[in-house]
Amino acid sequence: MNDSTMTEQIIQTKQVYMQLSIEHWLKYEVFTWQWWIGIACVVIPLFVWWKLVDKQRILEISVFGLLINVSTSFLDVLGSESLLWNYTIRILPQTPLLFPVDFILLPIFHMLIYQRYKTWKQFLFASTIVALALAFVVEPLAVYIKQYQLISWQFIYSFPIYILISILSKLVTNKMLSRQEEAL
């Protein structure tokens, strides 16, 4: 099989996947109670974050949150495309990831921690508590309510990843802040 033939097969497979994905979303996902939970997980945390965020540090905190978002989205796409897990309820039919979690919940949880705990010791402790809650409460709950399906993944794997993402995002944000201060 040559390159163009294989590329054409990939495109055809993606077209079938897209059609099935939209059909499944329309028949079994949109407007279910799980779908509405996903919508609530977008709207409510954004409102709460806007009320709680330190407006004087909003750019710094948002950069940290964006780093969390980029990291979790990248890993989520990698994991779901590698068939480590699957999302059975999606806000939009063409998103292979759990939009409310990667784009809203995880960044907001972490931004509030970043804003509140300025020392590394406090930040690491709070990040560890959030990682425990995410890996061993939120993820199992998502499986229980059938929004998330484990294929070749276990909750314990998520725990250190959550902590690592938080640490790396703080390191990069701190480095960017120090470079900015040096430039002034």
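## Close-up views of a predicted six-helix, two-strand chain

**View 1. The largest pocket holds about 600 Å³ of space.** Of the 30 residues that line this pocket, Tyr87, Leu98, Val101, Glu139 and Tyr162 are the closest to its centre. Two or more lining residues come from each of helix H2 (33-52), helix H3 (58-81), strand S1 (85-87), helix H4 (99-116), helix H5 (120-144) and helix H6 (155-183). By class, the lining has 22 nonpolar, five polar and three charged residues. Here Ala, Val, Leu, Ile, Met, Phe, Trp, Tyr, Cys and Pro count as nonpolar, Asp, Glu, Lys and Arg as charged, and the others, Gly among them, as polar. A pocket is an open set of points on a 1 Å grid over the protein atoms alone, where a 1.4 Å probe fits, with protein on both sides within 12 Å along at least five of seven lines; lining residues have an atom within 4 Å of a point. Grid points are joined across faces, edges and corners, and the volume is the space filled by probe spheres set on the points.

A note on the model before we move on: it is predicted, so local features need pLDDT of at least 70 and side-chain atom pairs count only at pLDDT 80 or more, while totals for chains, interfaces and linings use all residues. Residues are numbered from 1 along each chain as its sequence is written, and side-chain values use heavy atoms, with hydrogens and water left out.

**View 2. The whole chain sets the scene with six helices and two strands.** Starting at the N terminus, the elements follow the order α-α-α-β-α-α-β-α. Helices (H or I, at least four residues) and strands (E, at least two) are DSSP runs, numbered from the N terminus. The C-alpha trace spans about 55 × 40 × 30 Å along its principal axes. Of the 184 residues in the chain, 35% are buried. Buried means under 20% relative accessible area, exposed means over 50%, and partly exposed lies in between (1.4 Å probe, protein chains only).

**View 3. A nonpolar surface patch covers about 740 Å².** Its members are Phe125, Ile129, Leu132, Phe136, Val137, Val138, Ile156 and Tyr157. H5 and H6 each supply at least two of these residues, and H5 gives the largest share, with six. One to look for is Phe136, which sits in helix H5 and counts as partly exposed at 37% relative accessibility. Patches are made of residues with over 30% relative accessible area and no salt bridge; nonpolar side chains (Val, Leu, Ile, Met, Phe, Trp, Tyr) are joined within 5 Å. The accessible areas come from the Shrake-Rupley method with a 1.4 Å probe, and for residues only the protein chains shown count as cover.

**View 4. A buried salt bridge pairs Glu29 with Arg90.** The closest N and O atoms of Glu29 and Arg90 are 2.7 Å apart. Glu29 lies in helix H1 and Arg90 in the loop between S1 and H4, so this pair ties together parts that are 61 residues apart in sequence. A salt bridge is a side-chain nitrogen of Lys or Arg within 4 Å of a carboxyl oxygen of Asp or Glu, and the count by this rule is three.

**View 5. Two further salt bridges join Lys27 to Glu23 and Arg57 to Glu60.** In the Lys27 and Glu23 pair, the closest N and O atoms are 3.4 Å apart. These two residues are four apart in helix H1 (residues 3-29), and about one helical turn separates them. Lys27 is exposed, with a relative accessible area of 56%, whereas Glu23 is partly exposed at 37%. The Glu60 and Arg57 side chains meet at 3.1 Å, N to O. Arg57 is buried, with a relative accessible area of 17%.

**View 6. Ile91 meets a distant part of the sequence at Gly38.** The C-alpha atoms of Ile91 and Gly38 are separated by 6.5 Å, although the residues are 53 apart along the chain. Ile91 lies in the loop between S1 and H4 and is buried, with a relative accessible area of 14%.

**View 7. Phe31 and Leu83 have positive phi values.** Phe31, in the loop between H1 and H2, has a phi near 70° without being a glycine. Leu83, in the loop between H3 and S1, is not a glycine either, and its phi is about 60°. Phe31 counts as exposed at 58% relative accessibility, and Leu83 counts as exposed at 54%.

Terms used. Patches are made of residues with over 30% relative accessible area and no salt bridge: like charges are joined within 9 Å, nonpolar side chains (Val, Leu, Ile, Met, Phe, Trp, Tyr) within 5 Å.
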